[in-house]
Structure formats: C-alpha cells, structure tokens
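Subject: Structure for your review

Dear colleague,

Please find below the structure I promised to pass on to you. My notes on what was found in it follow directly after.

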Amino acid sequence: MSKLTKNQKSVADKVEVGKAYSLQEAVELVKEITTTKFDASVDIDVRLGVDPRKANQMVRGVVSLPNGTGKVTRVLALCTPDQEAAAKEAGADYVGLEEYIEKIKGGWTDIDVIITMPSCMGKIGPLGRILGPRGLMPNPKSGTVTMDVAKAVKEVKQGKIDFKVDKTGIIHTSIGKVSMTPEQLYGNAKEFIATVVKLKPAAAKGTYMKSIFISSTMSKGIKVDPKTVD
C-alpha cells in the first residue's frame with residue numbers, strides 16, 4: 001500500500017469515518033478536502049429505495065439549480081430557420097439543422113446539450129447510436145424537445161439539469177464547482193434533493209432516500225444525514 005502524502009493525510013483526517021454530516025457541513029467540508037489544481041466539480045449521489053427495473057418506480061426529472069452549475073454548458077439548437085435567431089439570442093453556442101446533423105454523423109459531439117423541436121426529431125432519430133451513449137439524445141421528459149427552443153436554451157444556460165436513477169437505484173449528478181461558495185452549493189444541493197423528494201413514486205415502499213453523499217471530482221465521499229435536508 002502506498003504511503004499517504006502529508007497533504008493527503010491532512011485531508012483524510014478531516015472526514016470522520018462513518019459520521020453523517022449535515023448538508024451545510026458537507027458542502028463546507030468538500031471545499032476543504034479538495035486539493036486539485038483545477039476547478040473540480042461537486043457531485044451528489046443519492047441512493048433511493050426504488051426498483052428502477054419497474055416502470056412505476058423510475059425516477060427521472062429536471063431541476064433548475066438556483067446558483068447555476070458553475071461551468072460553461074455548450075448548447076446546440078437543432079431547429080427550423082424561424083427559430084434560429086431566438087435560439088442565438090438566448091445563448092445557444094451552435095444553431096442550425098442539416099449542417100449539424102451531417103457533422104454529428106461524421107463524429108462531432110463537442111457539445112453538452114442538444115435542444116430541438118418535435119418536428120425535427122424525425123431527422124435526429126437516426127443519430128441515436130451516436131448521441132445515446134453520450135447522453136446527448138434530446139428527450140421531451142428532460143425538456144430538450146420543445147416548441148419553445150429559446151426558452152429551453154436559456155434555462156439550460158442558467159443551470160437547468162436533467163437526471164435519472166440508474167439501474168442500481170442511485171442518482172448521480174453534479175451540483176456545482178468547488179470555486180462556488182458553500183452557500184451556493186448548499187442552495188443547489190437542497191433544491192436538487194427537494195426535487196427528488198417530490199418525484200417519489202407512489203409504488204415505492206419503505207425508506208425512499210436511503211443515503212446521500214457529497215464529493216468532488218477527486219475527493220472522498222462525505223456522508224450526509226438525510227434528516228438535515230428537510
């Protein structure tokens with residue numbers, strides 16, 4: 001086993017093994033124990049008491065983080081010409097249709113979110129094998145297939161994210177960056193958790209929110225007491 005560096009040891013000592021911290025303590029602590037030279041993402045993992053294999057227990061939704069994501073989100077708006085000007089004004093980084101469909105067919109996926117219109121989905125559908133594995137396929141449930149492209153672009157730019165429970169019953173998403181203040185991270189985390197609580201399926205039995213962990217890109221996880229986020 002490799003020996004811990006002085007820096008790693010001081011960080012390890014700050015997190016008490018087995019202790020469940022309050023949400024406020026966790027977001028303050030994650031900033032303290034992150035020593036990366038880059039602006040690391042702050043992630044949240046929520047384990048739910050659901051069986052995602054059953055359609056009536058799937059948890060999926062969208063949330064607008066009140067303090068933004070802390071990162072630049074590159075948005076591609078695939079829309080008809082009459083929507084292009086509004087999409088550009090709303091902040092879309094790339095706007096068009098046919099030319100970008102061809103670029104994607106050629107392997108271009110240098111974007112974070114694609115927003116489109118229902119009438120364009122027929123042309124975008126065949127791109128599923130490229131976009132699907134990268135989590136880029138537009139979906140009405142996440143608000144990325146809409147008649148109001150400009151509004152959707154603006155919301156994503158301001159911090160709207162979509163999430164869903166994975167096959168193990170865990171929701172994993174980013175709620176900001178280490179450079180954000182504890183208050184900003186706390187606000188984002190609380191809004192995200194509140195949204196997950198609202199989405200509790202009627203078919204879910206027993207404890208719904210089993211565990212919550214906060215971590216940064218390369219830090220250890222900090223256990224959060226679910227009772228502190230009511």
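Cys-79 counts as buried, at 1% relative accessibility. Please bear in mind throughout that this is a predicted model. Cys-120 is buried as well, with a relative accessible area of 2%. Is either of these cysteines paired or unpaired? Cys-79 is in no disulfide, and Cys-120 is in no disulfide. The sulfur of Cys-120 is the nearest cysteine sulfur to that of Cys-79, at 6.9 Å. Because a disulfide requires two cysteine sulfur atoms within 2.5 Å, a separation of 6.9 Å does not qualify. The structure as a whole holds zero disulfides.

As to the overall architecture, the protein chain contains eight helices and nine strands. Its C-alpha trace spans about 55 × 45 × 35 Å along the principal axes. Of the 230 residues in the chain, 45% are buried. Among contacts between residues at least 6 apart in sequence, 73% join residues at least 24 apart.

Helix H8 may be of particular interest to you. Helix H8 covers residues 182–198, which is 17 residues. From its first C-alpha to its last, H8 reaches 24 Å, close to the 24 Å expected at 1.5 Å a residue. Which residues of H8 are buried? They are Pro-182, Leu-185, Asn-188, Ala-189, Phe-192, Ile-193, Thr-195 and Val-196. These residues lie on the same side of H8, because they cover an arc of only 165° around the axis. As a general point, an α-helix has 3.6 residues a turn, so residues three or four places apart point the same way. On the other side of H8, Glu-183 and Lys-198 are exposed. The cover over the buried residues of H8 includes helix H2 (23–33) and the strands S1 (41–48), S2 (60–64), S6 (160–164), S7 (170–177) and S8 (209–216).

Strands S2, S6 and S7 also take part in the largest pocket, each supplying at least two residues of its lining. Strand S5 (113–116) and helix H7 (149–158) likewise each supply at least two. The volume of this pocket is about 870 Å³. How many residues line the largest pocket? The lining consists of 34 residues, and those nearest the centre of the pocket are Asp-112, Gly-135, Ile-161, Asp-162 and Phe-163.

Two loop residues complete these notes. Thr-73 is found in the loop between S2 and strand S3 (75–78). With 10% relative accessibility, Thr-73 counts as buried. Neighbours within four places in sequence aside, Thr-73 is in contact with Asp-93, Asp-112, Val-113, Val-156 and Lys-157. One of these, Asp-112, is among the residues nearest the centre of the largest pocket.

The second is Asp-39, in the loop between H2 and S1. Is Asp-39 buried or partly exposed? Its relative accessible area is 33%, so Asp-39 is partly exposed. Not counting residues up to four places away in sequence, Asp-39 touches Lys-177, Val-178 and Ser-179. Asp-39 and Ala-20 are 19 residues apart along the chain, and their C-alpha atoms are separated by 26 Å.

Yours sincerely

Note on methods:
Residues numbered from 1 in each chain as written. Predicted model: local features only at pLDDT ≥ 70, side-chain atom pairs only at ≥ 80, totals over all residues. Heavy atoms only, no water. Helix = DSSP H or I, 4+ residues; strand = E, 2+ residues; numbered from the N terminus. Expected span 1.5 Å × (residues − 1). Buried < 20%, exposed > 50% of the residue type's maximum accessible area, 1.4 Å probe, protein only. Arc of directions from axis to C-beta. Contact = heavy atoms within 4.5 Å. 1 Å grid on protein atoms, 1.4 Å probe; cavity = no way out; pocket = protein on both sides within 12 Å on 5 of 7 lines; lining within 4 Å. Points joined across faces, edges and corners; volume = space filled by probe spheres on them.
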